[in-house]
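I opened this one to see what could be looked up from the coordinates. Notes below, in the order I went.

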Amino acid sequence: MTPGIWTRPDEVAPVWPGRNYPLGSTWTPESTNFAVYAPGGTGVQLCLFDEEDNETCHELTENSLGVWHGALPDIAPGTRYGYRVDGPWDPERGLRFNPRKLLLDPYALAISGEVTDHPAIFGYADGTPAVISDEDSAPHVQRSVVVDPAFDWGGDQPMFKRWRDTVIYELHVKGMTMLHDRVPEELRGTYAGLTTPAVIDYLHDLGITAVELLPIHQFASEPMLASRGLVNYWGYNSIGFFAPHNAYAATGDRGEQVAEFKRMVKAFHEAGIEVILDVVYNHTAEAGPNGPTLSFRGLDDLGYYQRVVDEHGAPVQPDVYWDVTGCGNTLNATHTQSLRMILDSLRYWVNEMHVDGFRFDLMSALTRTNQSVDMGSHLLTAIGQDPVLRHVKLIAEPWDASMDGYKVGEFPPPWVEWNDQYRDAVRDFWRGQGDIRTMATRLAGSSDLYADDGRSPYASVNFITAHDGFTLRDLVSYNYKHNEANAEDNRDGTDNNRSWNCGHEGETRDPAILALRHRQAANLMATLCLTNGVPMIVAGDERGRTQGGNNNAYGQDNETSWIDWRPDDAWLDIYEITKTALRLRREHPALRQRHWFEGRPTIKGGPKDLIWLHPEGHEMTPEDWNDQQLAAIGMFVSGSPLRSPGPRGEQQVDKSFMIWISAAAHQLKVTFPENEWVHAGEVVLSTDPEYAVGTPVRIGDTLMLDARTVIVFREA
């Protein structure tokens, strides 16, 4: 590739010099600037595609600090483009340039089309990684799209809801509405579908304050899945960190998906609901070194992907990736450009797309310094001082696919974390294999994990189920995974389900088993919603969604994963329990406290802020805490006054609560102890049909709780 030659002083170059910042394509009515980072390339072509998919290539002759750039006049929004990068082909040195491969712009704001499984998408030929492929990949890969970012946000502003007031609902954009009969058919499975009253009114009625969307960055399915007739449904395989996934757009994929996504965020905000994105920066869809060449590998393979390094940080084998994600590659967040791309992407989604926060998949993989997890790593430090990012919601999945990546309780403020120890403790308790001491610690906010570094109970994002694993209904219906539909001979997915099928594996019509399953699901959901911390509910759990025992449905883009909105088989009693528990949480700050319980009065002469009670009515003793047979406990939460002041520094006073949870397999007597602070109360939530909402109780009363029960009493 050689620079253009001019013959007249007044001749206009076919490609203007442009500028090296910002990266990506930047549209204006006069011209569009293109800038791409490819420091090891010897030449870069910008390739434009017309409506008939005819390709016209322009050489970018300007190279500043590793960025190739140029500007073209008269480029319309919606124009599709890609890059071809020339340079050395030497895989043993980590150099995989191949101009026959059309590459996505890593900073593309929109992406058109889809990747098809074909040998041409690989940089090497005939299954031989050392031999360069001369087959053009353009017919089989996606195109980047020039976007006009203009959008009328009206008065939309960041919501900044407090963590202690937050209730998260993890949902899949497609799965949420694909089977919803009250969403127009043409909008089902799309961003626009989520803006319909059928969805927003439902979430508002339930008590949700934030939706956490499974990955919506542009992603691609793995060739391995395609060979089994499956697709990547969850989306944890990103290839475009600035582009909303085009298949979720009802309006088109030539930039229309960007405006549609913005309209979705605006609609959620108008309903008082924040938008959190599940983001996957830890790896890309290019898989291992023998994976497809779609973007990063053809631009700067050595820079973007981690290698095994020596004690000085130098690559030991440049042709071998270092992988702690289980997906073939790990993005190198210590490299300047990779780090810059992650930060630019995060700021883009906050500033331009108005999202309210992020949940980082396999966050430990991104905190590595010389491949050791480092809580002072480049990325954590950069986010912590960033004037935009440090104020949004930041959720870490505090582990990766390695043995040393498990870091629950170790991320620095202001990060909060998915707390899998909460999940395991609550599951074990309700299947009769729990420990009272551990259960009490989790109910009070997991101070053993988060109190020692200045964080609050809301640092624990509590969940019982997530997108991976059993649904709530399956958790009480199956002891074993049933993943045959995944075409891996039931080998995939965890065997550590901590589930109990209540006496029968799978679906049944036995009324006693069904009643027990409903009771157990209600117990689990009530526990989640009333625990100190931030509750996360998986979409559909509140109405009994089932995956038929599949605990790894990542490739099931079908009725297995989509929510069935028909009332016929819905567990609507669980919906009502969930709604009631979230209403109590919302109305009573005693049930969502910012400060840790201390087990002592908040004011002189007052009750302790938290008292753990034995069923016999006395405060728990050391002997009681060590009683392995004890399967029930009472949690007294004082509301008079709370330890946290109000917004103007005023003392907050709330109702006090007595919460009894019993996982005992038999009826159990519980006694309300004599005390000088609370003399009477009433039932406000119950999974025991013998005690309806409104049932009164007085101090000294003894109640007979049914087996496996949650009952919440509120001070009268």
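Before anything else, a word on how I name pieces: helices (H or I, at least four residues) and strands (E, at least two) are DSSP runs, numbered from the N terminus. With that numbering, Val476 sits in the loop between helix 11 (472–475) and helix 12 (511–530). I also note that this is a predicted model.

**Val476**

I checked its cover. Val476 has a relative accessible area of 3%, and it counts as buried because the cut-off for buried is under 20%. Then I listed what Val476 touches, skipping residues up to four places away in sequence: Trp500, Asn501, Cys502, Arg517, Gln520, Ala521, Leu524 and Trp571. I also took a distance to His504, which is 28 residues from Val476 along the chain; their C-alpha atoms are 9.8 Å apart.

**Overall build**

Next I stepped back to the whole chain. I count 14 helices and 33 strands in the protein. The radius of gyration is 28 Å, and the globule rule gives 27 Å for 716 residues, so the protein is as compact as a globular protein of that length. Along the principal axes the C-alpha trace spans about 100 × 55 × 55 Å.

I looked at burial and contacts too. Of the 716 residues, 58% are buried. Among contacts with a separation of 6 or more, 71% are between residues 24 or more positions apart.

For the surface, I get an accessible area of about 27,600 Å², with 50% of it belonging to carbon and sulfur atoms. On charge, I have 61 positive and 101 negative side chains. The centres of those two sets lie 5 Å apart.

**Cysteines**

How many disulfides does a search of the whole structure find? Zero. I wanted to know where that leaves Cys502, one of the residues Val476 touches. The closest cysteine sulfur to that of Cys502 belongs to Cys529 and is 19 Å away, which is too far for a bond because a disulfide needs the sulfur atoms within 2.5 Å. Cys502 is buried, at 6% relative accessible area. Cys57, by contrast, comes out partly exposed at 32% relative accessibility.

**Cis prolines**

I went through the peptide bonds and noted two cis cases. One joins Tyr21 and Pro22, with omega about 0 degrees. Pro22 is in the segment before strand 1 (24–27). Another joins Ser640 and Pro641, and there omega is about -15 degrees. Pro641 falls in the loop between strand 27 (632–637) and strand 28 (657–662).

**Positive phi**

I also noted two residues with positive phi that are not glycine. Asp126 has phi near 55 degrees, and I find Asp126 in the loop between strand 11 (124–125) and strand 12 (128–132). Gln371 has phi of about 75 degrees, and its place is in the loop between strand 20 (368–369) and strand 21 (372–373).

Are these two buried or exposed? Asp126 is exposed, at 78% relative accessibility. Gln371 is buried, at 12%.

**Val324**

Back to a loop valine. Val324 lies between helix 5 (296–304) and helix 6 (336–351), in the loop there. Val324 is buried, with 6% relative accessible area. Leaving out neighbours within four places in sequence, I find Val324 in contact with Thr330, Ala365, Arg368, Asp400, Ala401 and Ser402. I also took Val324 against His58: they are 266 residues apart in sequence, and C-alpha to C-alpha they are 39 Å apart.

**Thr709**

Last stop was strand 33 (residues 709–715), which contains Thr709. Its relative accessible area is 0%, so Thr709 counts as buried. Which residues does Thr709 touch, not counting those up to four places away in sequence? I wrote down Trp430, Arg519, Asn523, Trp660, Ile661, Ser662, Thr687 and Asp688. For a long-range check I picked Asp386, which is 323 residues from Thr709 in sequence and 47 Å from Thr709 in space, C-alpha to C-alpha.

Terms used
Residues numbered from 1 in each chain as written. Predicted model: local features only at pLDDT ≥ 70, side-chain atom pairs only at ≥ 80, totals over all residues. Heavy atoms only, no water. Rg over C-alpha atoms; globule rule 2.2 N^0.38 Å. Buried < 20%, exposed > 50% of the residue type's maximum accessible area, 1.4 Å probe, protein only. Contact = heavy atoms within 4.5 Å. Areas by Shrake-Rupley, 256 points an atom, 1.4 Å probe, with all protein chains shown as cover. Lys, Arg positive; Asp, Glu negative; His and termini not counted. Charge placed at Lys NZ, Arg CZ, Asp CG, Glu CD.
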